[in-house]
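Let's take a walk through a protein model together. Have the picture ready and keep turning it as you read.

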Amino acid sequence: MKDLSVRIQFGLIAILILFALALILSQKASPDSPLIFGLKRLQEKQFLSFKSSPESRIDYMSSLLNNRLDELQNIVNNKNYGYVLSSA
């Protein structure tokens, strides 16, 4: 019984570590990796929901807008126009 409990604990720890790594890696995700970019967008939406004042929400949305502009510039510079057209 105790052995099963230890295995469950290790399994949960492993899942939490994988989830934390995915969140960290998703920070640099670009639209050409849809799975990780989707995780990044989900994380951004959650962070936005934690902003309590209108000013902090605007500041955060402004930083997101700057991130999207940088991502768009990278896509255009790399000539990955399919991502631009499919999202327009």
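In which helix does Q73 lie? Q73 sits in helix α3. Keep in mind from here on that this is a predicted model.

**Getting started on helix α3**

Since we've landed on Q73, let's see how much of it shows. Q73 has a relative accessibility of 42%, so Q73 counts as partly exposed. Now look for E55. Q73 and E55 are 18 residues apart in sequence, and their C-alpha atoms are 27 Å apart in space.

Helix α3 covers residues 54-77, and there are other residues in it that deserve a stop. One of them is L72, which lies in helix α3. With a relative accessible area of 39%, L72 is partly exposed. Its partner for a distance check is S30: L72 and S30 are 42 residues apart in sequence, while 9.0 Å separates them in space, C-alpha to C-alpha.

D70 is in helix α3 too. Because its relative accessible area is 41%, D70 is partly exposed. Try the same exercise with I36: D70 and I36 are 34 residues apart in sequence and 17 Å apart in space, again C-alpha to C-alpha.

**How α1 and α2 cross**

Time to move to the other helices. Two packed helices are described by the angle between their axes and the distance between the axes. Here, helix α1 takes in residues 2-26 and helix α2 residues 34-50. Their packing angle is about 90°, and the axes are 9 Å apart. Angles of 65 to 115 degrees count as roughly perpendicular, and therefore α1 and α2 are roughly perpendicular to each other.

Which residues meet where these helices touch? On the α1 side you'll find A22, L23, L25 and S26, and on the α2 side I36, L39, K40 and Q43. The residues of this contact between α1 and α2 divide into five nonpolar, two polar and one charged. Remember K40 from that list, as we'll come back to this residue.

**Salt bridges**

Side chains of opposite charge can pair when their charged atoms come close. How many salt bridges does the model have? The count comes to five. Here are some of them, with the distance between N and O atoms for each.

| Salt bridge | N to O distance |
|---|---|
| R7 and D3 | 3.6 Å |
| E71 and K40 | 2.4 Å |
| R68 and E44 | 2.8 Å |

Start with R7 and D3, whose side chains meet in a salt bridge. They are four residues apart in helix α1, so about one helical turn separates R7 from D3. Are they buried or exposed? R7 has a relative accessibility of 58%, so R7 counts as exposed. D3 comes in at 48%, which means that D3 counts as partly exposed.

Now find E71 and K40, which form a salt bridge with their closest N and O atoms 2.4 Å apart. This pair links distant parts of the chain, as E71 is in helix α3 and K40 in helix α2, 31 residues apart. Both E71 and K40 are buried. For E71, the relative accessibility is 10%, and the cut-off for buried is under 20%, so E71 counts as buried. The side chains of E71 and K40 also make a polar contact, at 2.4 Å. What else does E71 touch? Setting aside neighbours within four places in sequence, E71 is in contact with A29, P31, F37 and K40.

Next come R68 and E44, with 2.8 Å between the closest N and O atoms of their salt bridge. This pair also links distant parts of the chain: R68 is in helix α3 and E44 in helix α2, 24 residues apart. E44 is buried, because its relative accessible area is 7%. Leaving out neighbours within four places in sequence, E44 is in contact with Y60, L64 and R68.

**Joining the dots**

Which residues are linked in a network of salt bridges? They are K40, R41, E44, R68 and E71. Try picking out these residues on your screen. You've already met K40 where α1 and α2 pack, and K40 is also the salt-bridge partner of E71.

Conventions: Residues numbered from 1 in each chain as written. Predicted model: local features only at pLDDT ≥ 70, side-chain atom pairs only at ≥ 80, totals over all residues. Heavy atoms only, no water. Axes fitted to C-alpha atoms, helices over the stretch in contact; angles between N-to-C directions. Helix = DSSP H or I, 4+ residues; strand = E, 2+ residues; numbered from the N terminus. Parallel < 35°, antiparallel > 145°, perpendicular 65-115°, else oblique. Contact = heavy atoms within 4.5 Å. Nonpolar A, V, L, I, M, F, W, Y, C, P; charged D, E, K, R; others polar. Buried < 20%, exposed > 50% of the residue type's maximum accessible area, 1.4 Å probe, protein only. Polar contact = N/O pair within 3.5 Å; in protein donor to acceptor, adjacent residues only side chain to side chain. Salt bridge = Lys/Arg side-chain N within 4 Å of Asp/Glu carboxyl O.
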